[in-house]
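Colleague: I should be grateful for a short discussion of this model, taken one topic at a time.

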Amino acid sequence: MSQGLAMPKEEATLFIKVKEICAKHQGKSSALIQIMLEIQEEFNWLPREILLWLSEKLNMPLNRVYDIATFYKVFSLIPRGRNLVKVCTGTACHVRKAPVMLRRVTQLLGINPGETSSDLRFTLETVGCLGCCALGPVVVINDEYYSNPTTSELEKLFKECQ
Ligand code: FES
């Protein structure tokens with residue numbers, strides 16, 4: 001954010017939260033990853049303007065900030081949905097019909113893996129083995145694991161996601 005630049009209300013609100021997070025860590029550059037994690041948790045992604053602001057505020061080169069933002073899979077540089085849906089496509093889930101499960105989920109959500117719904121409600125991802133193969137095929141919705149959910153169970157679960 002450039003100082004003195006007029007910005008939309010939404011963006012101003014966003015920066016209030018970012019400033020709070022930064023202040024909580026006394027603006028220390030050594031806390032960059034933790035600050036970014038908390039921003040990511042708050043907004044589900046890391047907007048470019050925030051990374052620019054962090055770079056200035058923490059007196060760190062922008063490429064260093066971007067190196068971290070792109071190195072860790074937990075960070076996203078594109079908007080993500082408020083609800084993260086993961087379908088395991090690991091080997092054990094695959095043989096237990098994960099492709100059928102994935103088709104079911106993509107049809108219900110209307111998005112493909114790697115995509116986010118236009119209303120920012122859902123992001124869909126495929127993941128490798130989650131370590132609970134006996135439950136396969138596994139669907140994870142906001143860190144809750146579901147074993148082979150039916151279409152109607154998924155419908156109900158997705159409806160509960162705001
Ligand atoms: S392959 Fe899906 S949990 Fe292991």
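Colleague: How many Å separate the centres of domain 1 and domain 2?

Modeller: This is a predicted model, in which local features need pLDDT of at least 70, side-chain atom pairs count only at pLDDT 80 or more, and totals for chains, interfaces and linings use all residues. Residues are numbered from 1 along each chain as its sequence is written. Domain 1 spans 9-71 and domain 2 spans 83-160, with bounds from an automatic or database domain assignment. Taken over C-alpha atoms, the separation of their centres is 30 Å.

Colleague: In what order do the elements of the chain run from the N terminus?

Modeller: Helices (H or I, at least four residues) and strands (E, at least two) are DSSP runs, numbered from the N terminus. The chain has seven helices and four strands. Their order is α-α-α-α-β-α-α-β-β-β-α.

Colleague: In what order do the four strands form the open sheet?

Modeller: Two strands pair if DSSP finds at least two bridges between them. S1 and S2 run parallel and are joined by six bridges, while the pairing in the sheet is mixed. The edge strands, each pairing on one side only, are S2 and S4 (144-147). The order is S2-S1-S3-S4.

Colleague: Which strands does H6 touch as it packs on the sheet?

Modeller: Contact here requires C-beta atoms, placed from the backbone, within 7 Å. The direction of H6 makes about 155 degrees with that of S1; axes are lines fitted to C-alpha atoms, for helices over the stretch in contact, and angles run from 0 to 180 degrees between N-to-C directions. The strands touched by H6 are S1, S2 and S3.

Colleague: Which element gives the largest share of the largest nonpolar core?

Modeller: A nonpolar core is a set of buried Ala, Val, Leu, Ile, Met, Phe, Trp, Tyr and Cys residues joined through C-beta atoms within 7 Å; a residue is buried if 20 or more other C-beta atoms lie within 10 Å of its own, exposed if 12 or fewer, and partly exposed in between. This core has 14 residues, and Val 85, Met 101 and Val 139 are among those touching the most other members. Two or more residues come from each of S1 (83-88), H6 (98-109), S2 (122-127) and S3 (138-141). The largest share, five residues, comes from H6.

Colleague: What percentage of the 162 residues in the chain do buried residues make up?

Modeller: Beyond the largest core, a second, separate core of 10 residues includes Ile 39, Ile 50, Leu 54 and Val 65. Over the chain of 162 residues, the buried share is 20%.

Key. Contact = placed C-beta atoms within 7 Å.
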